[in-house]
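Visitor: I have some questions about the model on display. Could we go through them one at a time?

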Amino acid sequence: IMLMEFVRSDEVKTILYHQSWLHLDKLKLDKLISTQLQANPDNTPCLLMQALQLPVGHNKQQAIDHVIDVVLQHGETDPMYKHLAYMYWVLGITIHETTRQPAPALSAYASALMYKSDHPATLFNTAVCSSDVSVPQAIRQLHHYIHTAPTGHHWVPHAHYFLVTLYGQQDPSVRRARILHHYNMAQQTDRNRLPWFPLVSSGTTDQARRVYEQVMAQPDTNDASE
């Protein structure tokens, strides 16, 4: 789950219970987790497994926060200490989707990057969240993500489409070359996307396409620097 950077409850449950994945028995797993937590309420792998299966909302936010607190109390001896970057990333996403407030989400992402400065998913979500605060900052962070992440990372097409949209919020005629470049890269990387990675949402592609079509309808001008 952590290696595949899954965070939402439906994704986690698919990994755990679907017949094409681990195909675990949910009742047996729930009983096992409950038994383990009765013996040791601070069993962080079990606490995290419970938290990840919760739907997005304040309960999940509190549950993830609790797991992190317990891990930090235990320190490096805790088996989940090496996964703090993942847990802070999940916390950031949960906060952003629950509260729609960028500041606390960005704080959680910053904590994630303290433990793993090149964590691709955190870099991407930091940029997306930053767009609510500063478009130029979000653009810089998306470029940093693209240059840092592996070529086949599943958020790369999303990042290129998002850059098209953000450049379109500036002066599309000035950013023409950049918009065309990132739109072409978005389509290319999307075609090369591995089949089990998530599709780019139609809302994201539609916004980018409108910017692209607007630029193509305009006469060419020299592109300014970033």
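**Loops, helices and salt bridges**

Guide: The model is a predicted one. Gln53 sits in the loop between helix H3 (44-52) and helix H4 (58-74).

Visitor: Is Gln53 buried or exposed?
Guide: Gln53 belongs to the loop between H3 and H4. Buried means under 20% relative accessible area. The relative accessibility of Gln53 is 10%, so Gln53 counts as buried.

Visitor: Which backbone oxygen lies 3.2 Å from a polar atom of the Gln53 side chain?
Guide: Setting aside residues up to four places away in sequence, Gln53 touches Ser9, Val12, Lys13, Leu16, Tyr17 and Lys26. A polar atom of the Gln53 side chain also lies 3.2 Å from the backbone oxygen of Met49.

Visitor: Lys26 is among those contacts. With which residue does the side chain of Lys26 meet in a salt bridge?
Guide: Lys26 is partly exposed, at a relative accessible area of 37%. The partner is four residues away in helix H2, so about one helical turn separates the two. This partner is also partly exposed, with 29% relative accessibility. The N to O distance is 2.8 Å, and the residue is Asp30.

Visitor: How many salt bridges does the structure hold?
Guide: The pair Asp30 and Lys26 is one example. Asp206 with Arg209 is another, and Arg209 with Glu213 is a further one. For the structure, the number of salt bridges is four.

Visitor: What separates Asp206 and Arg209 in helix H11?
Guide: The closest N and O atoms of their salt bridge are 2.8 Å apart. Asp206 is partly exposed at 26%, and Arg209 is partly exposed at 33%. The two are three residues apart in helix H11 (residues 202-216), so what separates them is about one helical turn.

Visitor: Which residue is linked with Asp206 and Arg209 in a network of salt bridges?
Guide: The side chain of Arg209 meets a second carboxylate partner at 3.6 Å, N to O. That partner lies four residues from Arg209 in H11, so about one helical turn lies between them. Its relative accessible area is 44%, which means it is partly exposed. The residue that joins Asp206 and Arg209 in the network is Glu213.

Visitor: What is the area of the nonpolar surface patch made by Trp21, Leu22 and Leu24?
Guide: Trp21 lies in the loop between helix H1 (9-17) and helix H2 (26-39). A residue needs over 30% relative accessible area to be part of a patch. Trp21 is partly exposed at 39%. Together with Leu22 and Leu24, Trp21 makes a patch of about 290 Å².

Visitor: What is the phi of His23?
Guide: His23 is placed in the loop between H1 and H2. Most residues other than glycine have a negative phi. His23 is not glycine, yet its phi is positive, near 55°.

Visitor: Where is Arg100, with its phi near 60°?
Guide: Arg100 is another residue other than glycine with a positive phi. Its relative accessible area is 59%, so Arg100 is exposed. Its place is the loop between H5 and helix H6 (102-115).

Visitor: Which backbone oxygen lies 2.8 Å from a polar atom of the Thr94 side chain?
Guide: Thr94 is in helix H5 (residues 84-99), and it counts as buried at 1% relative accessibility. Leaving out residues up to four places away in sequence, Thr94 touches Val56, Gly57, Lys60 and Gln61. The backbone oxygen at 2.8 Å is that of Val90.

Visitor: How far apart are the end C-alpha atoms of helix H10?
Guide: Helix H10 (residues 176-191) has 16 residues. At 1.5 Å a residue, these should span 22 Å. The separation of the end C-alpha atoms agrees with this, at 23 Å.

Visitor: Which helices are included in what covers the buried residues of H10?
Guide: The buried residues of H10 are Arg176, Ile179, Leu180, His182, Tyr183, Ala186, Thr189 and Asp190. What covers them includes helix H8 (135-148), helix H9 (156-168) and H11.

Technical notes
Residues numbered from 1 in each chain as written. Predicted model: local features only at pLDDT ≥ 70, side-chain atom pairs only at ≥ 80, totals over all residues. Heavy atoms only, no water. Patch = residues over 30% accessible without salt bridge, like charges linked within 9 Å, V, L, I, M, F, W, Y side chains within 5 Å. Areas by Shrake-Rupley, 256 points an atom, 1.4 Å probe, with all protein chains shown as cover. Buried < 20%, exposed > 50% of the residue type's maximum accessible area, 1.4 Å probe, protein only. Polar contact = N/O pair within 3.5 Å; in protein donor to acceptor, adjacent residues only side chain to side chain. Contact = heavy atoms within 4.5 Å. Expected span 1.5 Å × (residues − 1).
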